[in-house]
Amino acid sequence: MHLVYPAVLAALLFCVGVYGVLARRNAILVLMSVELMLNAVNLNLVAFDVWLRDSLHSGQALTLFTITIAAAEIGLGLAIVLLVYRNRGSSDIDRLTALADPGLAEEPPATDALATADDEKAEATA
């Protein structure tokens with residue numbers, strides 16, 4: 001088996017996943033794009049395992065671990081997306097810059113109390 005075919009397919013899958021992460025605004029589509037990238041990595045692991053004729057099949061074993069991690073990641077990610085959608089009414093990533101309450105996200109920055117106190121002391125002594 002030629003190594004070029006699965007490597008090119010994995011590179012294409014990975015590029016489609018990167019494009020999906022960078023260009024999409026829907027959180028579920030971003031999670032699906034991350035899964036595409038993980039599947040591209042899995043394809044490379046299995047292809048190189050077959051090509052190197054590894055007796056321990058470590059590439060395939062690592063692929064099983066990656067699939068397990070991906071399942072846990074998609075479960076937690078989907079739970080977070082569903083909770084955000086319930087609370088905010090949208091899963092648009094651009095609108096989720098802060099996961100705090102909407103009123104707290106637009107709070108003005110606090111002033112430095114020590115610098116203000118030092119300035120007042122300097123004015124009082126002058």
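1. A residue is called buried when its relative accessible area is under 20%, exposed when that area is over 50%, and partly exposed in between. Keep that in mind as you look at this predicted model, because the buried label covers 19% of the 126 residues in the protein chain. The surface of the chain comes to about 9500 Å², and carbon and sulfur atoms supply 67% of that.

2. Now the general layout. You'll find five helices and zero strands in the protein chain. Reading from the N terminus, the order is simply α-α-α-α-α. Take the contacts between residues at least 6 apart in sequence: 53% of them join residues at least 24 apart.

3. Start with helix α1, residues 4–23. How far apart should its ends be? With 20 residues at 1.5 Å a residue, α1 should span 28 Å, and its end C-alpha atoms are indeed 28 Å apart, so the two values agree.

4. Next, which residues of α1 are buried? They are Pro6, Ala10, Gly17 and Gly20. Looking down the axis of α1, you'd see these buried residues fall within an arc of 85 degrees, so they line one face of the helix. Turned away from that buried side is a face with the exposed residues Val4, Tyr5, Leu12, Cys15, Tyr19 and Leu22. As for the partner, the buried residues of α1 pack against α2, which runs over 27–52.

5. Zoom in on alanine 10, which sits in helix α1. Its relative accessibility is 2%, so alanine 10 counts as buried. If you skip the neighbours within four places in sequence, alanine 10 is in contact with Ala40, Leu43 and Asn44. Have a look at alanine 40 in particular: the two alanines, 10 and 40, are 30 residues apart along the chain, yet their C-alpha atoms are separated by 4.4 Å.

6. Staying with α2, there's an aromatic pair to check. A search of the whole structure turns up one such pair. Its members are phenylalanine 48 and tryptophan 51: the ring centres are 6.1 Å apart and the planes stand at 85 degrees, so the pair is edge-to-face. The cut-off behind that name is an angle over 60 degrees between the planes. Both residues belong to helix α2, three residues apart, which is about one turn of the helix.

7. Are those two aromatic residues buried, exposed or partly exposed? Phenylalanine 48 has 35% relative accessibility, so it counts as partly exposed. Tryptophan 51, at 46%, counts as partly exposed too.

8. On to α3, residues 58–88. This helix has 31 residues and reaches 44 Å from its first C-alpha to its last, close to the 45 Å expected at 1.5 Å a residue. Its buried residues are Gly59, Thr63, Thr66, Ala70, Gly77, Val81 and Val84. Part of what covers them is α2. Just after α3 comes glycine 89, with a positive phi of about 85 degrees.

9. Finally, pick out threonine 66 in α3. Its relative accessibility of 16% is under the 20% cut-off, so threonine 66 counts as buried. What does its side chain reach? The backbone oxygen of leucine 62, at 2.8 Å. Apart from neighbours within four places in sequence, threonine 66 is in contact with Leu38, Asn42 and Leu45.

How values were computed:
Residues are numbered from 1 along each chain as its sequence is written. This is a predicted model: local features need pLDDT of at least 70, side-chain atom pairs count only at pLDDT 80 or more; totals for chains, interfaces and linings use all residues. Side-chain values use heavy atoms; hydrogens and water are left out. Helices (H or I, at least four residues) and strands (E, at least two) are DSSP runs, numbered from the N terminus. The expected span of a helix is 1.5 Å times one less than its number of residues. Buried means under 20% relative accessible area, exposed over 50%, partly exposed in between (1.4 Å probe, protein chains only). The arc is that of the directions from the helix axis to the C-beta atoms. Contact means heavy atoms within 4.5 Å. Accessible areas come from the Shrake-Rupley method with a 1.4 Å probe; for residues, only the protein chains shown count as cover. Rings of Phe, Tyr and Trp (its six-membered ring) pair if their centres lie within 6.5 Å; planes under 30 degrees apart count as stacked, over 60 as edge-to-face and the rest as tilted. A polar contact is a pair of N or O atoms within 3.5 Å; within protein, one must be able to donate a hydrogen and the other to accept it, and residues adjacent in sequence count only if both atoms are side-chain atoms.
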